[in-house]
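Dear colleague,

I am passing on the structure we spoke about, and I would be grateful if you could look through it alongside the notes below.

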Amino acid sequence: MTGGGLLVIGDVVTDVVAIHGAPVLAGTDTAADIVLRPGGSGANTAAWAAHLGADVRLLARLGYDSSEWHTTELIRTGVRPHVEVDSGHPTAVVIAMVDGSGERSMLTNRGAGGRISVDDWDPSLLDGVSRLHLSGYLLFAERGLELARLAMSEAAAAGARISVDPASTGPLREFGVDRFLRETAAADLIIPNLDEALLLTGAPSPERAAELLSDRYGTAVVKLGSRGAVVATGGRILATAEASPAKVVDSTGAGDAFAAGYLSALLKGANEAAALQAGCQAGATCVALVGGRPRYGLEVNRLYPIHTD
């Protein structure tokens, strides 16, 4: 299916990004450049897809503390946000500690994002949508899981295709591999990174993991970071792509950007090989920036303003 809109359901997060050269030591100070960025796996994917020309809407739940800022940032990227503001909980926050190689470690508080539910759903969100994309984080809270079930059921009934990003190995392992595979059975596309793909399959290689996952879902794209990506369809490898050249500053959001590049290309009618390359290019663009969103003429390390109540 080509053309049509993309509906993303996922998280919006306030990212506090700390870039440090020396190792972080307990009990003392470590010098770092610290910036504030809008983030969240679902919101990042939506923002990059809109930046790349897709018609994108995002369903998410924001907190009372920063909803105006986050909504404005989404609109600036071209996303059509459909958000509820939680009067009793703040927006989710992630503290991302980024080392000299660009690799990150994260501390997470899901805040209002962990409370998204079927009450936030409106069937009209699917009007004109040809693909529903779910962030795996949605499934890891019971309310979100109920929403995911409803959205996938209505999307399938409306003829929209469904894709899922498993999100993170920690909560995925806690949720349960078999349970995740069962709950996402309606999807025809899965986009894991290497660690997630190996966890979901027990396979010895990314290629074998892609084959096994595509046998289950139809299509599987395994993100390999600096090694590129591989896509399999119906149990066989269809294409591989090398990573696009990039100076890595911060890997935050790279996988989200990849998913956006890949999905946007598919919506424009690209074949799998071209879509895979588009994903790699979007990921490379992302890692050259601080934070997980496209930049719009701002200095890389500029501290964003944020409205608080």
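The notes that follow cover a helix pair, a surface patch and the salt bridges.

Please keep in mind that this is a predicted model. Helix α8 (residues 254-267) and helix α9 (residues 272-287) have axes that come within 7 Å and cross at roughly 145°, and the crossing in which α8 passes α9 is right-handed. On the α8 side the contact includes Phe-258, Gly-261 and Tyr-262, and these and other residues meet a set in α9 that includes Leu-276, Gly-279 and Gly-283. Sorted by character, the residues of this contact are 13 nonpolar, three polar and one charged.

Elsewhere, Val-93, Ile-95 and Leu-107 make a nonpolar surface patch of about 220 Å², and of these residues Leu-107 lies in strand β7 (residues 104-109).

Over the whole structure, a search finds eleven salt bridges, one of which joins Asp-188 to Arg-131, with the closest N and O atoms 3.3 Å apart. Because Asp-188 lies in the loop between α5 (177-183) and β10 (189-190), while Arg-131 lies in strand β8 (residues 129-135), the pair ties together parts that are 57 residues apart in sequence.

With best wishes

Methods. Residues are numbered from 1 along each chain as its sequence is written. This is a predicted model: local features need pLDDT of at least 70, side-chain atom pairs count only at pLDDT 80 or more; totals for chains, interfaces and linings use all residues. Side-chain values use heavy atoms; hydrogens and water are left out. Axes are lines fitted to C-alpha atoms, for helices over the stretch in contact, and angles run from 0 to 180 degrees between N-to-C directions. Helices (H or I, at least four residues) and strands (E, at least two) are DSSP runs, numbered from the N terminus. A crossing is left-handed if the near helix is turned anticlockwise from the far one by less than a right angle, and right-handed if clockwise. Contact means heavy atoms within 4.5 Å. Ala, Val, Leu, Ile, Met, Phe, Trp, Tyr, Cys and Pro count as nonpolar, Asp, Glu, Lys and Arg as charged, and the others, Gly among them, as polar. Patches are made of residues with over 30% relative accessible area and no salt bridge: like charges are joined within 9 Å, nonpolar side chains (Val, Leu, Ile, Met, Phe, Trp, Tyr) within 5 Å. Accessible areas come from the Shrake-Rupley method with a 1.4 Å probe; for residues, only the protein chains shown count as cover. A salt bridge is a side-chain nitrogen of Lys or Arg within 4 Å of a carboxyl oxygen of Asp or Glu.
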